[in-house]
Amino acid sequence: MKKHNKYQTEVTGAEAVILSLLDAQVTDVFGYPGGAIMPVYDALYDYMDQLNHYLVRHEQGATHAAQGYSRVSGKPGVVFATSGPGATNLITGIADAQIDSTPLVCITGQVHSHLLGTDAFQETDVVGISMPVTKWNIQVTKAEDIAPAIAKAFYIATSGRPGPVLVDITKDAQFGKTKYVYEKCESIRSYFPCPKVNEEEVSKAAELINNAQRPYILCGHGVLLSGAEKQLLDLAEKANIPVASTLLGLGAFPPTHELYVGYLGMHGNYGPNLLTNECDVLIAIGMRFDDRVTGNVSKYAKQAKVVHFEIDPSEVNKIIHADVAVLGDAKEALELLLPKVKAQKHAQWLQKFTECAKVEFEKVVKNAVNPATEKLRMAEVIHQFHQLSEGNAIVVTDVGQHQMITSRYYKFNHPNHNVTSGGLGTMGFGLPAAVGAKVAQPNKEVVAVLGDGGFQMTIQELGTIMQSDIPVKILVLNNNFLGMVRQWQQLFFDRRYSFTEMKNPNFVAIANCYNIKGKKVTERKDLKEALKEMYESKEAYLLEVVVENEENVFPMITTGASVSEIILE
């Protein structure tokens, strides 16, 4: 094995890739080799003791694994893929990372530069294809440009609002020789990733908050990305303001705190949605007013003054008009706000949330976590799992009913322990993302909660778990349906279940084929012990729980409805 020497006189472009990653403090890479990236893999062979590579079974799995890695570590996830189909297989994961502000550095091989544009074997214009879903991308055709491009990629991916970047490197650039020099990129002309917080706008925000009778905080992913959890807590406690969370903001505020009122969105909690249209000052911190949060925009919080704390200027006034917009890093902005905010009491306003929570408990929660039905229900499984783990596990969800149920019934006690696909809603995200999360946090329990549909989209990543001996726990909630689509077909398409029923394989047998232990539970009496066995396993473990076929997720805000029109059954 080679030792990294910063003063090497000449290296290949491929080796420059590896050395650049080491100088960027990268320790882990997810990838899949192929012809156009082969020189990089050959260079990696000499540095395997310094750079861990995880061989996925599909390039999409690499991007999702890198997302899971990034979301729980705060570091950019790194991906290798070859040209053509290898590169195009990354696009779904890159798009997912873009909309959920997750920093990735994707490095793809490309055909020789003299073949560009000739439809050569496994040539695609990955720069053109990925442009709409990356924060920045570049094609490198000379060995000497590799190190500067990678340094720039890391800076762009991680600065300001994070996101994915892609560096496409032709094969001749990988074979070419260059003097290796790596200089960390810390600024780019005309690129200003983090606006300077305007104190005058902060003062305007404080004035609105101080004069509010019914203030309300909506916290999003930006709070976690900026590390502003303490500042958010201090603000809420000082001014006695209720706090609700978006899907990606879960864990940013303590779920057991008396000021935490719940989860926003289409399947969120009753009070947080309903009372959005009763607050007088709406304080949005690090969230972008996604349509799943707002419902019908024309009926959203029309009575309220809106204060928007946001790092990305393009998100301000895009969907909801802001009376005061505070641009910049959330942590910095809240630190400036805190001294200007007065101590308050809003007992009557908070009581409204308490009353709504009681209504929701009686109409929804009580029957969901302790059902009278013969068949198991998703909500009771997640409720018992939460009690077992005490809210301390890193939980990675796929997309569908199980995702919404987990978001409702699992209480995340720690920041960055909720890993899910938010904006893009990518089925197949969960299993590979759990792999990446476990690589990043090997000393924490990582549990992938999957539906039977999403699991089968990336089920091959069981091979990655087997080969790299990654002790991920897998909880499959199997209702033999594409559950979320089925719920809509039941409610709005007269129960015409068009191609949503699934005939599933023996998941436990498949896991066993990958040397992963497993168990299937069909009865309530076996659930608690099976969950315990899964959670306490020192090795990878798959637990399949067969749940009610037609369980629905409530509350629910239907298409075209306002947050005030949320239904409980």
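Which residues do ring pairs link into a cluster? In this predicted model, the cluster consists of Phe385, Tyr410, Phe412 and Tyr535, joined through ring pairs. The structure holds 15 aromatic pairs. Among them, Phe253 and Tyr260 form a stacked pair, because their ring centres lie 6.3 Å apart and their planes meet at 25 degrees, under the limit of 30 degrees for stacking. Phe253 and Tyr260 are both buried. An edge-to-face arrangement is found for Phe481 and Tyr497, with 5.4 Å from centre to centre and 75 degrees between the planes. Phe481 is located in the loop between β18 and α21 (483–492), and Tyr497 in the loop between α21 and α22 (507–513), so this pair ties together parts that are 16 residues apart in sequence. Phe481 has a relative accessibility of 6% and counts as buried, whereas Tyr497, at 24%, counts as partly exposed.

Phe481 also belongs to the surroundings of Asp452. Asp452 is found in helix α19 (residues 452–457), and its relative accessibility of 1% places it among buried residues, for which the limit is under 20%. Beyond its neighbours within four places in sequence, Asp452 is in contact with Val476, Leu477, Asn478, Asn479, Asn480, Phe481, Met502, Asn504 and Phe507. Two of these residues are approached by polar atoms of the Asp452 side chain: the backbone nitrogen of Phe481 is reached at 3.4 Å, and a polar contact of 2.9 Å is made with the side chain of Asn504. Phe507 is separated from Asp452 by 55 residues in sequence, while the C-alpha atoms of the two residues are 9.0 Å apart in space.

The sheet that includes β18 is described next. It is an open sheet of 6 strands in the order β16-β15-β17-β18-β20-β19, with parallel pairing. Strands β16 (418–419) and β19 occupy the edges; each has a single partner strand, so one side of each is left without a neighbour in the sheet. Strand β20 (residues 541–546) has 5 of its 6 residues buried and is therefore largely enclosed by the rest of the structure. Strand β18 (residues 473–478) pairs with β20 in the parallel sense over 6 bridges, and in this pairing Leu475 stands opposite Leu543 of β20. Strand β19 (residues 517–521) is likewise parallel to β20, with 5 bridges between them. Across this pairing, Gly518 stands opposite Leu542 in β20, and Lys519 has Leu543 as its bridge partner in β20. Leu543 is thus placed opposite Leu475 of β18 and is also the bridge partner of Lys519.

The chain path from β19 to β20 passes through helix α23 (residues 527–536), and this β-α-β crossover is right-handed. Helix α23 lies across β17 (446–451), β18, β19 and β20, and runs at about 160 degrees to β20.

Elsewhere in the chain, helix α1 (residues 13–23) is mostly covered, with 11 of its 11 residues buried. The buried residues of α1 include the charged-type positions Glu15 and Asp23 as well as Val17, Ile18, Leu19, Leu21 and Leu22. Helix α1 is followed by Gln25, which has a positive phi near 65 degrees.

Notes
Residues are numbered from 1 along each chain as its sequence is written. This is a predicted model: local features need pLDDT of at least 70, side-chain atom pairs count only at pLDDT 80 or more; totals for chains, interfaces and linings use all residues. Side-chain values use heavy atoms; hydrogens and water are left out. Buried means under 20% relative accessible area, exposed over 50%, partly exposed in between (1.4 Å probe, protein chains only). Helices (H or I, at least four residues) and strands (E, at least two) are DSSP runs, numbered from the N terminus. Two strands pair if DSSP finds at least two bridges between them. A crossover is right-handed if, with the strands pointing away from the viewer, the path from the first strand over the helix to the second runs clockwise. Contact means heavy atoms within 4.5 Å. Axes are lines fitted to C-alpha atoms, for helices over the stretch in contact, and angles run from 0 to 180 degrees between N-to-C directions. A polar contact is a pair of N or O atoms within 3.5 Å; within protein, one must be able to donate a hydrogen and the other to accept it, and residues adjacent in sequence count only if both atoms are side-chain atoms. Rings of Phe, Tyr and Trp (its six-membered ring) pair if their centres lie within 6.5 Å; planes under 30 degrees apart count as stacked, over 60 as edge-to-face and the rest as tilted.
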